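Student: Could you take me through one part of this model up close? I'd like to see what sits around it, and then how the rest fits in.

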Amino acid sequence: MDSCFVKPLALAVSALSMVSSIAQENEVESDSSNKDQSLETVVVSATRYQQDIDKIPGSVTVISQQELQTQLSFNDDLTSVLGKLVPGMTPSRQKLSNQGENLRGRTALILVDGVPQNNPLRNGNRYGYPLDSSMVERIEVVSGASAVHGMGATGGLINYKTLSATEGDDSRETLGLRISDSFLSDGLSTKGWYQLREFNDDYDLVFATSWQDQGLYYDAKDNAIGINSVQGETQDSVAKDYFLKMGTNFNDQRLEFLINRFQLHSNHDYVPVSGDDENKIPGTVASGTPTGEPINNEVTIYSLTYSRQALAGGTLTAQLFYQDFEGVYGESNWWATPEIERDQGAIVSTKPGIKLAYTQVDLFGRNDNWVVGLDLIEDETQQLLKQTGLGVTPLLSSLSLAPFVQGDMLITNRLRLSGGLRYESIRVKAKDGQTLYGYGLLGNDGSEYGQIDIIGGTQDFDELIVNLGAVYNLTDHINVTGGYNQSFGLPDIGRILRGEYIGGKAILDADAPNIDFNLMPAVEPVATDNYEIGINYTDAKWLLTASTYYSVAKDGANLLLNQGGTFDVVRQRTEIRGTEFVANYQLSEQLQIQALYSMVQGEVDRDGSGRVDSDIDLKNLSPDRIMLGADYHYNDAITARLQVNHLKSRHNMDVARDQFFKGYTLFDATVAYNMRDYGRLSFAVENFTDEFYINYFSQIRNANAYYFSGRGRTFSLGYEISF
């Protein structure tokens with residue numbers, strides 16, 4: 001075994017042995033099966049064991065099945081749901097690419113039942129759509145730096161919990177249909193889904209499939225919204241999803257298998273008409289067939305999970321997973337060789353892994369919870385050109401091995417402490433390669449080089465990651481929390497190794513330098529420290545949470561626009577501060593009111609002095625936001641929701657170029673009628689005031705090819721029936 005993994009593996013074995021021996025001495029029976037499993041109170045992804053939200057010293061958002069159903073009636077887009085309901089989350093771009101979408105100014109790790117979806121070795125910003133929304137039962141969001149699942153998570157975790165069969169689903173089938181339209185040419189979108197659930201004491205099964213055909217999107221001026229012909233679109237596309245989850249129970253053991261296959265392909269019916277950023281004219285489309293093959297996203301997830309309860313008084317869980325990703329991008333100028341200007345990019349990535357966890361409850365008789373485990377994750381990624389077959393990046397791979405221990409304990413009747421350790425060991429390899437002709441390097445004298453050699457090699461990194469927290473109950477209704485969390489993850493190494501884009505003007509030079517992976521400090525992982533304090537109040541009518549946080553990466557990896565029009569990875573100290581407030585008030589038996597406020601500010605060290613001196617690029621932040629919502633239950637059959645999202649204007653003056661964001665306010669409304677045995681009918685209007693606006697990312701990107709308006713008034717009609 002590689003020497004870099006001997007130390008963490010030994011720690012893991014020792015930790016497992018220690019907990020097992022203590023468990024055998026105490027023989028404390030786990031009562032986790034008897035805990036309240038309501039969607040509103042339990043978050044599985046937060047600490048790798050089931051834990052009530054009020055025991056977590058940090059900000060957690062759980063989007064329940066009912067809330068998810070309501071939000072999807074407006075817009076069938078999971079990134080839109082997150083952008084509206086999660087504090088500190090950037091608004092959706094309404095595109096296939098989620099470039100610029102972040103959580104608290106940093107990257108969030110996307111998980112599907114604990115299986116990672118991000119591609120950190122070469123971030124193509126396509127991990128926002130790993131599955132169809134109809135396959136999601138609820139969403140768990142843990143804000144702030146986290147290391148409990150590895151792979152960075154500098155901004156937090158977003159875990160999509162998939163469909164499951166539960167008691168009462170003896171043999172239940174569900175059919176659904178949703179139609180959305182702006183009543184303009186080719187603006188109709190249709191979606192259908194089918195679900196089969198079966199459940200008994202011995203086994204359970206869920207089979208589901210969905211099909212969605214999306215038309216064009218239109219803005220409030222009745223103009224077709226422009227398409228991003230390179231990064232990709234959800235409009236003018238067809239998406240299919242096939243989902244299967246099977247579980248079997250025997251004695252105190254369970255075996256569960258999951259497979260999900262998601263495909264999204266462009267219909268290839270339109271070509272872009274570029275906008276004009278300077279004169280504030282958004283892009284649109286024209287009928288035509290783009291060059292190259294259709295843009296697509298294909299994601300396949302396999303997961304096999306074994307669990308055994310009452311094992312020395314605890315529960316053992318082992319998950320074996322495999323994720324296969326391929327994203328094909330549109331044709332653009334690459335200058336792969338001196339003779340070939342245009343080509344089509346693609347990113348392919350595979351992630352096999354193993355997650356082991358052993359949990360104990362009330363080990364010391366202090367209402368305590370413990371988990372000890374080991375994660376082994378391999379990632380192999382490459383960016384290629386479809387037509388020439390040349391590598392934009394060399395083949396990259398990483399292997400991470402991380403033992404961890406995490407727990408919380410009631411110290412007094414009012415004070416609960418939590419903490420954890422995770423030892424991350426990461427080995428990163430890069431194969432030998434060569435840059436494209438258009439991605440050379442600039443010499444100190446300004447000379448430009450063409451294709452240059454990339455010298456591959458291996459780099460090893462390791463770090464002990466710590467998290468500490470406390471929850472103190474001031475009264476039966478008020479508690480205060482404090483937490484310190486770290487994360488440790490790789491920057492976009494592929495972007496670093498591919499060189500600097502200089503277009504087709506490069507000059508071949510026999511003395512051109514090499515890019516040596518072994519000597520590049522820029523590929524070192526990013527360590528982020530997150531400090532947070534909060535206060536929570538709950539009673540029969542109120543649920544109030546407020547928090548403030550400070551996040552610092554002493555050697556952060558930010559994207560900075562270069563002269564060639566693409567982004568480079570720049571290592572610089574980054575500090576982010578923010579405040580979040582969420583309130584829910586049960587005004588009456590029928591009416592509930594919600595409010596959300598989030599503010600994020602960030603600064604970076606541009607002059608290399610070790611101290612921040614400039615505002616961060618707005619691309620790396622989310623705008624300050626206020627959301628107000630009201631849910632009205634007329635009776636058991638009729639419900640309605642009205643919500644408004646206001647994004648505040650901002651002007652950053654200290655960056656390399658001034659950035660202006662003009663805020664906007666959007667209203668959504670929906671009503672649903674539960675006809676019981678005859679199904680559920682919903683009608684929704686997104687942006688019902690028909691506000692004209694330019695999307696957040698388009699405003700701060702400052703490029704004609706990315707200057708797009710947002711969706712205007714859109715009507716949706718949905719119907720779902722179970723039998």
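**Around I63**

Tutor: Let's start at I63, bearing in mind that this is a predicted model. Skipping its neighbours within four places in sequence, I63 is in contact with L68, V81, L82, L85, V86, R138 and I139. Three of those partners, V81, L82 and L85, are among the buried residues of helix α3. That helix covers residues 78–85, and 8 of its 8 residues are buried, so the rest of the structure largely encloses α3. The buried set takes in T79, S80 and K84 as well.

Now zoom out a little. I63 belongs to the largest nonpolar core, which has 44 residues. Along with L68, L82, I139, I158 and Y160, I63 is listed as having the most contacts inside that core. Several elements supply at least two residues each, including α2 (65–74), α3, β6 (136–143) and β7 (156–162). The largest share, though, comes from β4, with 5 residues. Apart from this core there's another, of 20 residues, with L121, A147, L396 and V428 among them.

Just before α3 you'll find a charged pair worth a look. D76 forms a salt bridge with R178, and their closest N and O atoms are 2.3 Å apart. D76 sits in the loop between α2 and α3 while R178 is in strand β8, so the bridge ties together parts 102 residues apart in sequence. Are these two buried or exposed? Both R178 and D76 are buried. The pair is also part of something wider: D76, D132, R178 and K191 are linked in a network of salt bridges. Across the whole structure there are 31 salt bridges.

Follow β8 to L177 and the picture changes. L177 is found in that strand, and L177 is partly exposed, with a relative accessible area of 42%. L177 helps make a nonpolar surface patch of about 1000 Å², together with residues including I179, L188, Y632, V671, F683 and Y719. The elements giving two or more residues to the patch are β8 (171–181), β37 (664–674), β38 (680–686) and β39 (714–722).

For another charged pair, try R342 and E331, whose side chains meet in a salt bridge at 3.2 Å, N to O. R342 lies in strand β17 and E331 in strand β16, so this pair ties together parts 11 residues apart in sequence. R342 is partly exposed at 36% relative accessible area, whereas E331 is buried at 14%.

Conventions:
Residues numbered from 1 in each chain as written. Predicted model: local features only at pLDDT ≥ 70, side-chain atom pairs only at ≥ 80, totals over all residues. Heavy atoms only, no water. Patch = residues over 30% accessible without salt bridge, like charges linked within 9 Å, V, L, I, M, F, W, Y side chains within 5 Å. Areas by Shrake-Rupley, 256 points an atom, 1.4 Å probe, with all protein chains shown as cover. Salt bridge = Lys/Arg side-chain N within 4 Å of Asp/Glu carboxyl O. Helix = DSSP H or I, 4+ residues; strand = E, 2+ residues; numbered from the N terminus. Buried < 20%, exposed > 50% of the residue type's maximum accessible area, 1.4 Å probe, protein only. Core = buried A, V, L, I, M, F, W, Y, C linked by side-chain atoms within 4.5 Å. Contact = heavy atoms within 4.5 Å.
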